[in-house]
Amino acid sequence: MIAFTCKVCSLRSTKTMSKHAYNHGVVIIQCSSCNNHHLIADHLGWFRDGRVTIEDLMYEQGEKVMKFVVNTKPDVLEWCPDNIEKEKKKLKELKKSRNRKELSLGLNKVESDSKERNN
């Protein structure tokens, strides 16, 4: 699923596509309000030389992409804005716990090195 705001009419909407189409084919989404077409992915070179995705296009324009992938179904790529804050918190907690573990491992190594020198 993709959530986006149409730059022509400013309508915020969500659409779905298969993971396979996004990663290997061409995905064009039509705005429900103004019927404008939006290129989401082109892996066949129809619109540009080489492969391009919406993430590449947004990066070129200096825009940020928020992406959240859930592997709940084998052929579906999901973006869930409600879960992003939860995932950010989990990631921060994971980084903190890793830093604590690394710090703890580092301290243990220093202590063992110190004991070896004293013996």
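Two strands count as paired if DSSP finds at least two bridges between them. The hairpin of β3 and β4 has 6 residues between its strands. The model is predicted. Its secondary structure comes to 3 helices and 5 strands. Along the sequence, the pattern reads β-β-α-β-β-β-α-α.

**Overall numbers**

- The protein has 119 residues, and 22% of them count as buried.
- About 9,300 Å² is exposed, and carbon and sulfur atoms supply 52% of that area.
- Take the contacts between residues at least 6 apart in sequence: 26% of these join residues at least 24 apart.

**Sheet**

- Three strands form an open sheet in the order β3-β4-β5, with antiparallel pairing.
- β3 and β5 (52–53) are the edge strands, and each pairs on one side only.
- Strands β3 and β4 run antiparallel and are joined by 5 bridges. In one of the pairs, Gln 30 has His 37 of β4 as its bridge partner.
- β4 and β5 also run antiparallel, with 2 bridges between them. Ala 41 has Thr 53 of β5 as its bridge partner. Asp 42 stands opposite Val 52 in β5.
- As a general point, strands of a sheet pair through backbone hydrogen bonds, either parallel or antiparallel.

**Positive phi values**

- Most residues other than glycine have a negative phi.
- Asn 35 departs from that sign, with a phi near 65°. Asn 35 is found in the loop between β3 and β4, within the hairpin that those two strands make. Asn 35 counts as partly exposed because its relative accessibility is 46%.
- Ser 10 also has a positive phi, near 70°. The loop between β1 and β2 (12–15) holds Ser 10. At 55% relative accessibility, Ser 10 counts as exposed.

**Nonpolar core**

- The largest nonpolar core has 8 residues: Ile 2, Phe 4, Met 17, Tyr 22, Val 27, Ile 29, Ile 40 and Ala 41.
- β1 (2–5), β3 (26–30) and β4 each give two or more residues to this core.
- In soluble globular proteins, nonpolar side chains tend to be buried together.
- Leaving out residues up to four places away in sequence, Phe 4 touches Leu 11, Arg 12, Ser 13, Lys 15, Ile 29 and His 38. Of these, Ile 29 is also a member of the core.

**His 38**

- His 38 sits in strand β4 (residues 37–42).
- His 38 counts as buried because its relative accessibility is 15%, and the cut-off for buried is under 20%.
- Beyond its neighbours within four places in sequence, His 38 is in contact with Phe 4, Cys 6, Lys 7, Val 27, Ile 28, Ile 29 and Cys 31. Among these partners, Phe 4, Val 27 and Ile 29 belong to the largest nonpolar core.

**Salt bridges**

- The whole structure holds 2 salt bridges.
- One joins the side chains of Lys 7 and Glu 63, at 2.4 Å from N to O. Lys 7 lies in the loop between β1 and β2, and Glu 63 in the loop between α2 (54–60) and α3 (81–118), so the pair ties together parts that are 56 residues apart in sequence.
- Lys 7 is exposed, with a relative accessible area of 60%. Glu 63 counts as partly exposed, at 29% relative accessibility.
- Lys 7 also appears among the contacts of His 38.
- The side chains of Arg 48 and Glu 60 meet in a salt bridge of 2.8 Å, N to O. This pair links distant parts of the chain: Arg 48 is in the loop between β4 and β5, Glu 60 in helix α2, and they are 12 residues apart.
- Arg 48 counts as partly exposed because its relative accessibility is 35%.

**Nonpolar surface patch**

- Ile 28, Leu 44, Trp 46 and Phe 47 form a nonpolar patch on the surface. Together they have about 460 Å² of accessible area.
- Leu 44 is found in the loop between β4 and β5. Arg 48 lies in the loop between β4 and β5 as well.
- Ile 28 belongs to this patch and is also one of the residues in contact with His 38.

Terms used:
Residues numbered from 1 in each chain as written. Predicted model: local features only at pLDDT ≥ 70, side-chain atom pairs only at ≥ 80, totals over all residues. Heavy atoms only, no water. Helix = DSSP H or I, 4+ residues; strand = E, 2+ residues; numbered from the N terminus. Buried < 20%, exposed > 50% of the residue type's maximum accessible area, 1.4 Å probe, protein only. Contact = heavy atoms within 4.5 Å. Core = buried A, V, L, I, M, F, W, Y, C linked by side-chain atoms within 4.5 Å. Salt bridge = Lys/Arg side-chain N within 4 Å of Asp/Glu carboxyl O. Patch = residues over 30% accessible without salt bridge, like charges linked within 9 Å, V, L, I, M, F, W, Y side chains within 5 Å. Areas by Shrake-Rupley, 256 points an atom, 1.4 Å probe, with all protein chains shown as cover.
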